[in-house]
Amino acid sequence: MRDIQLYIDGTKADLFKGDNITINENLKNLKDLSKVFTAFTYQFTLPASRTNNKIFKHYYNYNIIDGFDARIRVDANIEISNLPYKKGRIALNSVELKNNKPYSYKVTFFGKTIVLKDLIGDDYLHELSDLDLDLEYDQTRLLGMLTQDPSIQTGDYAGFTIPLITPEQRIFYDTNQTVENSGNIYHDSTTKQGVKLLQLKYAVSLSKLITAIENEYTGVEFASDSFFKDSNEDVQKLYMWCHRNAKGTKLVSGGGYSVEMDTQTSTNTLQTPSRGSLSNGDVSVSQTATFTPIINIASGSRGKIVDVLIKKNNVVVTEYKGIPTTIGLTIEAVSAVANDVLSIEINTYEEDITFSQLGFSCTYTDGQNTVTDTFSVFNSSYDASFFFNPKDNLPKMKVIEFLSGLFRMFNLVAYVQDDGKIQVTPLQDYYSSDVIDINKYVDSNSHEVAVALPFKEIDFEYNGSETILAKQHFEEVSTNKFRWGEVEYKAADGVNIDGDIFKLELPFSHMKFERLIDAYDFSNVTGITWGYSVDREEKPIKEKPLLFFVENVTAGFIISYIDRTGHVGYNGDINIPLNSQTKTSTKNIHFNAEFNEFSEYDADPATDTPAGVDTLFKRFYQNYIENIFDKKSRLIELELVLPLTQLTQIKLYHKILYKDRYFRINSMKASLRDGKTTLELINSYD
C-alpha cells in the first residue's frame, strides 16, 4: 500500500487513515465526441484536523471575516510515495459538523486543464480589453483596409482587415450596363456605381482574439508551438467578421464637439477639448440654476442631419436623434447645481456641419435678481468623422464558446505543460509513439470486450448556412442534399448500422462566396470573390459568427467605389473572402469536399470531382472516425495492477501493447493507494 500526499496551496493536507483516491481520466470519450478538455475530477473527504482547519480557515464559522473563499478553486497537487502524480485545483464543497463541531471537509480535485473555464467564466469576446479600439471609419481608411494586405497593418490595425463582404448591397460586374448607385463594380467615369464603402465591416483575425484572451486572463497562456500559435495552421490564418447587426454598423462619433460647463468654481467655464477654454464672467452658483442649450446652425449647414445629446455629469439627460438642422434648434433646458458638469455633444451623419453659435444660456438668482448669462463659442466647424469599435460590432459569443468551437472544429485536445502553459494540439498529433507494455500487469481473469461504435451516423455541420448562395447550394446544387460544407459519415462498407445519430455542430456560420464574372457575356472572369450576407429573399441576415480566410489579390481592372461625394476608381489589390486557405489551395474549412469558389467557379457538381478535398474532416477526423466505424474495432476493458513507476508515468497519449496488438487509451481509472487500474482501450488506428 502506497502513501498518498495531497498538497493544497503548498500545505500538506491530512487524509483519513487508509483513505484511497481514485482518479478517472478520459480523452475524447467515444460516448461523447463533443468533449473538449482532457480534464478529470475526483471528490473525496478530508478530516477536520488542525492542519485542514487552518487550510480552509475554519470555513464552518461564518463569523470569520476574510476567511476562506469557497467560490475560488486553489492550486493543489497529488503525490504518491513522494513521487509527483497530478497537478490541479481543489474546490471546497461543504463542511460536515457533528455535535456542532467540524468533522470533515468535502472537496473536489480538478484536473488542471479545466481551470480554463474557471478563469474565463461567462465573459464575451467583445468584452476583451484588447478589442476596445477606435478604428477609423472614413472612406480613405475603408478603401485602404480593403485593398491592403492584412499582414502590413500595424498598430491598432494589426490583426484587422476589411473583406469584400456586404450585408445589404449586391455586388456584380457588368461591362455593358451602368446603373446609378448600383453595386456594379465596373468603373464608368460618368456613372456613380460600385461598392458602397460604408457597407463594409472590419474583420478580426483569430490570432488577435487568441492573444486578447491571453492578455485578459492571468494564467491563460498557450504554448508557442501549440495549434493556436503555429503560423502554418488554420487558426493563424482565419478571420471573424465583425457583424453583430444584420444591417447597419454601430459607429462612434469621432471628433464629437463637446461644450462643457463646470460649476465647481466661481467662474463657469465652457470647455472645448480641441480649442482650449472660454470663460464669460464670474458666476457663483450656490443654488439651482437653469441651463438652456444654444445650438444655432450656419446657413451653409442647415438641413443636415445631426444627433444632439445633453449630458449632466457624463450621463445623457436629453437626446435628440436624427433631427434636421434649421436656423436654431430648440432643446429642453436642464437644471444643475454646484459641482455638476454639463455638456453638449453633436454627432453628424457623414457631412461636415458649421455652428454659428454653440453653448448654454444660464439663468440663476444672485440673491436679489434673476440673472441670465450666456456661455458659448461662435463659428465652430464639426468635421464628420466616425470610428468603428470592435467591441460594439463583434458578434455576441462567449469566450469559452469560441474556444470550444475551435476545439470541435479541429478535433483538438489540451493539457497544461509543466511550465504552466496550455498546449493545444489536434488529437492525431497528441498521440505519442512511446509504447507501454502492460501484458505482465493484466489480470487475465477479468476483462471485457465491447462494441466500439455507439452511433450509426455522425453529422458534421455548421450552425448557420442560410445565406443566399449557401441556401441555394442546398436546395438546387447539392446532389446528396447536404448543406454547404456539411458531411454525414456512415460506415464505409455501406452496412446500415444500428444506433443513434451524433451531431457535431460548430457554433459558427458558413458562407458560400461567389467569383464575379462579366454579366454581359460571361467571358471575362474577374479575380474577385465576394460575400453577400442576405437570405434568399435578399434581406439582411444575422447568423452565428462567420469565419473565413482572406487573400489579397490583384484585381486586374479598375474597380468602382461609391464614397460620400461621388465615386472613385481604383486599379490595384483587394481582399477577397475564401473558404480555402488560398484561392487555389485544397485545404479548406468545409467538412465535405466542395468546389473551390475561386478556382472551380465553373465546375459541374453532377460530373466533376471537387479539388478541395483537404477538408476539416479529412485533415482532423477521418482516421479517428474510420477506426471507430471499422467492424474490427473493439473497446476492451482490462483490470491490472500497475507498479508505482508505471502508474506515475502512464499518460493518455501513450500507445499500449497488449497481446501483440497496439491500442490507444480511451479512459483510465486508477486507484492510487494500491495501484489497481482499469483501462478502457480501443484499437490504435495509427
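In this predicted model, five antiparallel strands make up an open sheet, ordered β9-β12-β13-β36-β39. The edges are taken by β9 (160-161) and β39 (573-578); each has a single partner strand, so one side of each goes without a neighbour in the sheet. At the β9 end, two bridges hold β9 and strand β12 (residues 203-205) together in the antiparallel sense, and Phe160 has Val204 in β12 as its bridge partner. Two helices go with this sheet. Helix α4 (residues 206-216) packs on it and touches β9, β12, β13 (238-241) and β36, with a direction that makes about 65 degrees with that of β12. Helix α3 (residues 139-147) lies across β9, β36 (547-554) and β39, and runs at about 65 degrees to β39.

A second open sheet is built from six strands, again with antiparallel pairing, in the order β2-β1-β5-β6-β7-β4. Here β2 (11-13) and β4 (41-47) are the edge strands, and since each has a single partner strand, one side of each is left free of a neighbour in the sheet. Ignoring direction, neighbouring strands of this sheet are turned by 35 degrees against each other on average. Strand β1 (residues 4-8) runs antiparallel to β2 and is joined to it by three bridges; in one of these pairings, Leu6 has Ala13 of β2 as its bridge partner.

Then there is β37, a strand with partners of both kinds. With strand β11 (residues 195-196) it pairs in the parallel sense over two bridges, and Val195 finds its bridge partner in Tyr561 of β37. With strand β38 (residues 567-570) the pairing of β37 is antiparallel and covers four bridges, with Ser560 standing opposite Gly569 of β38. The β37 and β38 pair makes a hairpin, with four residues between the two strands. In a regular strand, side chains alternate between the two faces of the sheet. Strand β37 (residues 559-562) shows this pattern: Ile559 and Tyr561 point one way, Ser560 and Ile562 point the other way, and all are buried.

Moving to the nonpolar interior, the largest core counts 142 residues, and Phe228, Met240, Phe402 and Met409 have the most contacts inside it. Helix α9 (residues 616-629) is the top contributor to this core, giving eight residues. As for Phe402, leaving aside residues up to four places away in sequence, it touches Leu125, Leu206, Leu209, Ile210, Ile213, Met240, Met397 and Phe508. Apart from the largest core lies another one of 22 residues, including Ala289, Phe291, Ile295 and Ile346.

On the charged side, the structure holds 19 salt bridges. Side chains of opposite charge can pair when their charged atoms come close. Asp69 pairs with Arg71, with the closest N and O atoms 2.9 Å apart. Of these two, Arg71 is exposed at a relative accessible area of 75%, while Asp69, at 27% relative accessibility, is partly exposed. Lys391 and Asp392 form another salt bridge, their closest N and O atoms being 3.2 Å apart. Here Lys391 is partly exposed at 28% relative accessibility, whereas Asp392 has a relative accessible area of 13% and is therefore buried, the limit being under 20%.

The salt bridge between Glu461 and Lys503 has its closest N and O atoms 3.7 Å apart. Glu461 belongs to strand β31 (residues 455-464) and Lys503 to strand β33 (residues 500-509), so this pair ties together parts that are 42 residues apart in sequence. Glu461 itself counts as buried, at 7% relative accessibility. Through shared partners, salt bridges join Glu461, Glu466, Lys471, Arg483, Glu486 and Lys503 into one network.

Finally, some totals for the protein chain. It has 10 helices and 43 strands, and buried residues account for 52% of its 686 residues. Among contacts between residues at least 6 apart in sequence, 71% join residues at least 24 apart. The chain exposes about 30,900 Å², of which carbon and sulfur atoms supply 43%.

Definitions and conventions:
Residues numbered from 1 in each chain as written. Predicted model: local features only at pLDDT ≥ 70, side-chain atom pairs only at ≥ 80, totals over all residues. Heavy atoms only, no water. Salt bridge = Lys/Arg side-chain N within 4 Å of Asp/Glu carboxyl O. Buried < 20%, exposed > 50% of the residue type's maximum accessible area, 1.4 Å probe, protein only. Pairing = 2+ DSSP bridges. Contact = heavy atoms within 4.5 Å. Axes fitted to C-alpha atoms, helices over the stretch in contact; angles between N-to-C directions. Core = buried A, V, L, I, M, F, W, Y, C linked by side-chain atoms within 4.5 Å. Areas by Shrake-Rupley, 256 points an atom, 1.4 Å probe, with all protein chains shown as cover.
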